[in-house]
Amino acid sequence: MARVSMRVDGVTYTDEVEPRTLLVHHLREALGKVGTVVGCDTSNCGSCTVHLDGQAVKSCTVLAVQADGAEVTTIEGIAAPGGALHPVQKAFHEMHGLQCGFCTPGMIMASIDLLKDNPRPSEHEIREGIEGNLCRCTGYQNIVRAVQQAAGEMSGTTDTLGAQA
Amino acid sequence: MTVTEDAATLTPQSPEKEVGKARRRKEDARLITGRTTWTDNMVLPGMLHMSVVRSHVAHGKITNVDVSAALEAPGVVAVLTGRDLADEQGSIPCAWPVTADMVNPGHPSIAVEEVNHVGEAVAVIIARSRDAAADAIELVDVDYDLLPPVLDMEQAVGGEADLCHDHIDSNTAYHFVFDAGEAGTGADTEQAFADADVVVSRRFVNQRLIPAFMEPRSVVVQPQGENFTMWSATQIPHVLRVMLAMVTGIPEHKLRVVAPDVGGGFGGKLQVNPEEVLALLIARRLGKPVKWTETRSESLMTAHHGRDQIQYIDIASDREGNVKGLRCRILADMGAYLRLITPGVPALGAFMFPGIYKFPAYRFECDGIFTNKVPTDAYRGAGRPEATFAVERIMDELAVELGMDPLELRRRNWIRAEEFPFTTVAGLEYDSGDYDAATQQALDLIGYDELREEQRRRRESGDPVQLGIGFSTFTEMCGLAPSRVLGSLSYGAGGWEAASIRMLPTGKVEVVTGSTPHGQGHETAWSQLVADQLGVPFEDVEVLHGDTAVSPRGMDTYGSRSLVVGGTAVVKAADKVIAKARKVAAHLLEANEDDLDFSGGKFTVRGTPGTALSIQEIALAVFAAHDYPEDVEPSIDADATFDPVNFSFPHGTHICAMEVDTDTGFVKIRKYACVDDVGTIVNPLIVEGQVHGGLAQGIAQALYEEAVYDADGNLTTGTFVDYLVPSAADLPHFDTGNTVHVAPGNPIGAKGVGEAGCIASTPAVVNAALDAVRHLGVQDIRMPLTPERVWRAVHQGGDGGDRAAAPTNAQAVDSAGAPGTSSQGGDL
């Protein structure tokens with residue numbers, strides 16, 4: 001067993017883990033952070049995407065021991081309970097960027113990371129930017145709209161892209 | 001039961017109608033913040049974890065299962081084999097014996113003597129942790145006497161075929177026939193073909209697909225004395241409860257099934273899964289909670305697949321392009337076993353092959369074939385995508401043969417707006433629509449004339465990138481289903497749906513629906529319906545579902561039935577609430593019932609201004625029950641069950657413009673436009689989202705997805721690396737529109753939208769690709785249109801070939817003697 005300590009959504013946790021434990025399993029099973037989900041076993045689907053020291057990672061491709069000393073943000077940590085939603089969360093709701101919602105935590109975390117690197121992405125850049133995250137419900141069009149909407153709000157310009165536009 | 005005779009149009013009661021509004025979804029709040037209740041999130045005290053040891057051979061007799069090493073592994077509590085569970089496991093149920101003499105070989109949840117597909121359960125491990133259960137899988141040794149696998153349907157029905165199941169006589173489960181001449185709904189088909197000027201015959205392959213819902217299947221069972229609660233990632237908690245009671249002998253009233261948040265289904269979670277049965281049996285045996293959650297690889301390998309038909313289609317016409325007959329002979333792959341509606345999927349499609357066209361004669365024959373592969377069953381559209389693909393492809397082939405414009409051929413033969421309701425050659429009564437209007441709108445949306453002009457320019461200049469335009473003018477059958485029709489098709493249950501409305505003392509409203517959502521937005525749409533009917537605020541409505549203890553009656557969600565059948569039940573229950581409230585209002589307002597108006601949630605006395613009593617006030621009054629009429633109960637709650645008298649028939653026109661790079665075989669959708677008529681639109685945001693999602697899956701069948709088995713019966717597309725679920729970068733922008741022809745069969749006027757995009761899009765995409773390269777001599781390209789296949793079709797002729805590969809399991813070849821199916825490989 002190895003001792004790991006990480007700050008997750010603002011709280012520091014110290015645990016003994018098996019060295020082979022994946023970060024996503026540590027988050028879900030030891031810390032109860034079940035907002036982050038597992039959708040595949042080959043790192044294709046991106047459902048488990050979290051931020052590790054500010055960068056989006058698929059938490060099924062990171063060992064918990066590799067996150068020792070790191071700052072982890074999950075979908076549960078980007079808006080305080082009862083507080084304002086993150087602009088990307090809000091945009092996914094406004095633009096109907098989700099249906100079953102299983103891919104949504106990972107999709108939102110990947111989109112936040114995309115907008116950090118490229119605050120005003122084109123449709124093509126958004127599609128390329130989130131291609132590591134699979135969604136089976138939406139056909140992606142409203143996810144693209146949501147990212148465009150959030151980009152507008154986060155960069156302070158008013159976007160008038162309607163969901164029906 | 002059937003209450004459509006007095007079906008009025010939906011009456012808006014509040015000043016601003018909720019129906020038609022793009023309400024943002026109530027469901028989203030928990031989903032976008034990660035506060036979800038997926039089954040795999042659940043942890044119970046003392047919970048044990050189940051893992052499944054699976055067969056790595058497609059066909060064989062089990063000679064020995066050695067579990068001794070696994071039993072010694074740390075954390076392992078029990079290891080059970082098929083023999084341990086043989087007496088109590090029963091058979092996975094098949095609810096749809098499509099013919100009286102259909103052969104059902106039986107479907108054990110865990111193999112006892114013989115395995116019939118790769119991935120079939122041969123042992124289960126119960127351990128204290130997920131990791132311990134997974135680690136012990138490789139400690140179980142299973143020995144098999146290998147048998148030759150049956151993998152190719154055309155070989156399976158040949159003379160010297162090996163058998164998939166040696167205790168039945170052939171590989172054919174059933175032979176299903178619909179003949180319009182015999183049914184009295186059309187002319188004699190053989191005569192129609194004999195008299196025709198032109199006959200075009202084609203063989204289409206509608207490949208095997210995997211539903212690939214994003215949330216892997218998961219089940220948790222908690223025993224409580226002789227009672228059991230099962231949480232499962234299922235589309236069908238109500239059906240599952242009945243079936244589990246029948247299979248396991250656990251009395252139905254001792255069993256509660258809960259579908260918490262469920263991450264997609266697309267038909268793939270319309271099943272009684274072997275693992276659900278096993279988790280229940282083991283929880284009963286050990287008296288402890290048991291959880292099983294599949295890995296993605298396990299899901300792709302063992303959850304049921306969809307489609308998988310070989311279609312021999314003949315169309316007859318005169319020289320002017322008036323169609324005279326349609327003849328379909330289908331081989332439908334059942335896989336190794338018959339699951340819940342495995343045999344029914346092609347039979348459901350049987351009535352849709354004529355599409356929107358006025359064929360005078362029609363004959364359909366289907367053989368359900370056993371192969372040593374995972375069973376097929378419902379996948380988005382279930383029988384209708386296969387039918388639509390066949391008819392929309394063969395119409396294009398006929399147009400080429402006649403030298404006609406494909407749209408002109410369609411227009412010449414489709415049902416005209418003034419002919420509705422129209423009884424088709426398959427005996428269905430299409431309800432409403434206007435195929436011309438939808439087509440014209442779609443042509444405008446895509447900019448048709450410009451695209452044809454560009455196509456001409458590219459042809460003339462010999463551009464290596466050619467442009468093609470493909471059509472699909474489709475209809476489909478929704479609102480499953482009239483119970484009597486299901487009965488006439490030998491289905492094991494009805495197609496009604498139930499709802500209850502509970503008026504709470506504070507005026508808030510609980511709506512209980514038997515239709516269980518897994519992403520469709522029922523909580524939002526049902527709230528809109530109830531807000532309009534009862535005149536209460538949208539926010540005051542809570543929709544409850546998915547728990548057999550909360551929602552005791554239901555038929556669940558599939559076949560685009562939820563709004564059409566389940567939503568109507570909600571509207572009917574609301575009507576009853578108003579009728580009950582009217583009596584109380586008359587009493588409290590000291591007026592005659594007949595003098596009361598109900599509008600905007602308030603009862604008023606006609607001719608007496610200033611008198612008003614809201615339905616929410618009445619809810620409080622009957623809770624207090626201090627003053628109510630003598631002859632009524634102190635409650636305005638109501639239940640309703642709705643059973644439709646007919647299906648509903650959404651339709652639309654889908655147009656795809658496709659670029660085909662003839663040098664590389666790479667295809668790219670340049671533009672995609674569709675106009676769908678789904679009747680009344682309750683929430684345009686949700687409707688558009690359903691169309692988008694359906695398009696993605698239909699396009700994926702055309703371009704990306706195929707479940708491929710090698711010559712040993714191994715699934716070679718067993719991970720998301722190999723099974724190509726498209727990403728955002730793989731799909732185009734969709735231009736969507738609607739026409740609205742209200743469905744006459746339900747008071748909402750809705751037709752259903754869940755499957756439309758998936759059913760319509762596949763042939764539009766393939767027709768577009770072929771339109772780009774027809775002039776190069778290409779007649780067909782097998783789906784999915786991979787660059788390799790397209791390149792081969794363009795440069796080598798043929799349809800691009802089979803993707804099945806040579807054997808990968810050397811042991812199977814060496815020790816089985818003669819598997820005898822190696823001829824499947826080598827096409828490429």
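Student: How many Å separate the centres of domain 1 of chain B and domain 3 of chain B?

Tutor: In this predicted model, those two centres, taken over C-alpha atoms, lie 39 Å apart. A distance between centres should be read along with the contacts. Here 26 residues of domain 1 of chain B are in contact with 23 residues of domain 3 of chain B.

Student: Which element gives the largest share of the side of domain 1 of chain B that touches domain 3 of chain B?

Tutor: Helix 18 of chain B does, with 6 residues. Both helix 17 (522-534) and helix 18 of chain B supply at least two residues of that side. By class, this side of domain 1 of chain B has 12 nonpolar, 11 polar and 3 charged residues.

Student: Where do the domains of chain B run in the sequence?

Tutor: Domain 1 takes in 4-36 + 496-642 of chain B, domain 2 takes in 39-147 + 212-302, and domain 3 takes in 174-209 + 304-480 + 646-796.

Student: Which residues touch the most other members of the largest nonpolar core?

Tutor: A core is read through its members and their contacts. This one has 305 residues, and Val124(B), Ile125(B) and Ala769(B) touch the most other members. Helix 18 (residues 562-588) of chain B gives the core its largest share, 13 residues. As for Ile125(B), its contacts beyond four places in sequence include Met50(B), Val53(B), Ala70(B), Ala133(B) and Ile137(B).

Student: How many residues of chain B are in contact with chain A?

Tutor: The size of an interface is often given as the accessible area lost when the parts come together. Residue counts are used here: 42 residues of chain B are in contact with 45 residues of chain A. Helix 1 (28-31), helix 10 (296-302) and helix 20 (684-703) of chain B each give two or more residues to the side that touches chain A. The largest share, 7 residues, comes from helix 20 of chain B. That side of chain B divides into 20 nonpolar, 16 polar and 6 charged residues.

Student: What is the order of elements in chain A?

Tutor: Chain A has 5 helices and 5 strands, and from the N terminus on they run β-β-α-β-β-β-α-α-α-α.

Student: Why does the radius of gyration of chain A agree with that of a compact globule?

Tutor: The reasoning starts from chain length: a compact globule of 165 residues would have a radius of gyration near 15 Å, and chain A has 16 Å, so the two agree. Along the principal axes, the C-alpha atoms of chain A fill a box of roughly 55 × 30 × 25 Å. Of the 165 residues of chain A, 56% count as buried.

Methods: Residues numbered from 1 in each chain as written. Chains lettered and ligands numbered in written order. Predicted model: local features only at pLDDT ≥ 70, side-chain atom pairs only at ≥ 80, totals over all residues. Helix = DSSP H or I, 4+ residues; strand = E, 2+ residues; numbered from the N terminus. Rg over C-alpha atoms; globule rule 2.2 N^0.38 Å. Buried ≥ 20, exposed ≤ 12 C-beta atoms within 10 Å, placed from the backbone. Core = buried A, V, L, I, M, F, W, Y, C linked by C-beta atoms within 7 Å. Contact = placed C-beta atoms within 7 Å. Nonpolar A, V, L, I, M, F, W, Y, C, P; charged D, E, K, R; others polar. Domains from an automatic or database assignment.
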